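I opened my notebook to get to know a new chain, one look-up at a time. Come along and read over my shoulder.

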Amino acid sequence: MPTSSRFAVAVHILTYLARDRKQAHRSEEIAGSICTNPSVVRRILSDLARAGLTTSQLGKGGGALLARGPKKISLLEIFSA
């Protein structure tokens with residue numbers, strides 16, 4: 001996937017997570033909102049987690065969460081991830 005597409009998907013993922021910060025969101029749910037495969041979302045979530053932008057919650061009700069407030073995340077950080 002080209003860098004520009006990965007960046008756009010990453011921004012979408014973080015925006016999706018920011019809408020409801022208290023609830024963890026599964027990759028299948030996020031992928032449905034982008035019309036892509038959940039494995040693509042998981043791969044990008046892994047990169048975002050390595051950059052400290054997201055965290056994961058395991059188990060029932062698990063999924064991805066923002067690691068910090070959306071106002072504290074810059075586009076440069078997302079692009080660098």
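**Entry 1: a cut-off to start with.** I call a residue exposed when its relative accessible area is over 50%, buried when that area is under 20%, and partly exposed in between. I keep in mind that what I am looking at is a predicted model.

I tried the cut-off on Cys 35. Its relative accessibility is 73%, so Cys 35 counts as exposed. I found Cys 35 in the loop between H2 and H3. I then looked up its backbone: Cys 35 has a positive phi of about 60 degrees, although this residue is not a glycine. I also checked a distance across the fold, and the C-alpha atoms of Cys 35 and Gly 63 are separated by 18 Å, with their places 28 residues apart along the chain.

**Entry 2: the whole chain.** I stepped back to look at the overall layout. How many helices and strands does the chain have? I counted four helices and two strands. Going along the sequence, I read the pattern α-α-α-β-β-α. The radius of gyration is 11 Å, close to the 12 Å that the globule rule gives for 81 residues, so the chain is as compact as a globular protein of that length. I noted the span of the C-alpha trace along its principal axes as about 35 × 30 × 20 Å.

**Entry 3: inside, outside and charge.** I looked up burial next, and buried residues make up 33% of the 81 residues. The accessible surface comes to about 5,000 Å², and carbon and sulfur atoms hold 55% of that surface. For contacts with a separation of 6 or more, I noted that 55% join residues 24 or more positions apart. The chain carries 12 positive and 5 negative charges, and the mean positions of the two sets are 3 Å apart.

**Entry 4: helix H2.** Which residues of helix H2 are buried? In H2, residues 27-34, I found Ser 27, Ile 30 and Ala 31 buried. They cover an arc of only 100 degrees around the axis, which puts them on the same side of H2. I wrote the general reason beside this: an α-helix has 3.6 residues a turn, so residues three or four places apart point the same way. Just after H2 comes Cys 35, the residue with the positive phi from my opening entry.

**Entry 5: helix H3.** I moved on to H3, residues 38-50, where I looked up Ala 49. At 33% relative accessibility, Ala 49 counts as partly exposed. The C-alpha atoms of Ala 49 and Ile 13 are 12 Å apart, and the two residues are 36 residues apart along the chain.

Asp 47 is in H3 too. Is Asp 47 buried or exposed? Its relative accessibility is 16%, and with the cut-off at under 20% Asp 47 counts as buried. Setting aside neighbours within four places in sequence, I found Asp 47 in contact with Arg 6 and Ala 81.

**Entry 6: the far end.** I followed that last contact to Ala 81, which lies in the segment after helix H4, residues 75-80. Ala 81 counts as partly exposed, at 33% relative accessibility. Which residues does Ala 81 contact, leaving aside its neighbours within four places in sequence? I listed Asp 47, Leu 48, Ala 51 and Leu 53. For a last distance, I looked up Ala 81 and Leu 58, whose C-alpha atoms are separated by 22 Å, with the residues 23 apart along the chain.

Conventions: Residues are numbered from 1 along each chain as its sequence is written. This is a predicted model: local features need pLDDT of at least 70, side-chain atom pairs count only at pLDDT 80 or more; totals for chains, interfaces and linings use all residues. Side-chain values use heavy atoms; hydrogens and water are left out. The radius of gyration is taken over C-alpha atoms; the globule rule is 2.2 Å times the number of residues to the power 0.38. Buried means under 20% relative accessible area, exposed over 50%, partly exposed in between (1.4 Å probe, protein chains only). Contact means heavy atoms within 4.5 Å. Accessible areas come from the Shrake-Rupley method with a 1.4 Å probe; for residues, only the protein chains shown count as cover. Lys and Arg count as positive and Asp and Glu as negative; His and the chain ends are not counted. The place of a charge is taken as NZ of Lys, CZ of Arg, CG of Asp or CD of Glu. The arc is that of the directions from the helix axis to the C-beta atoms.
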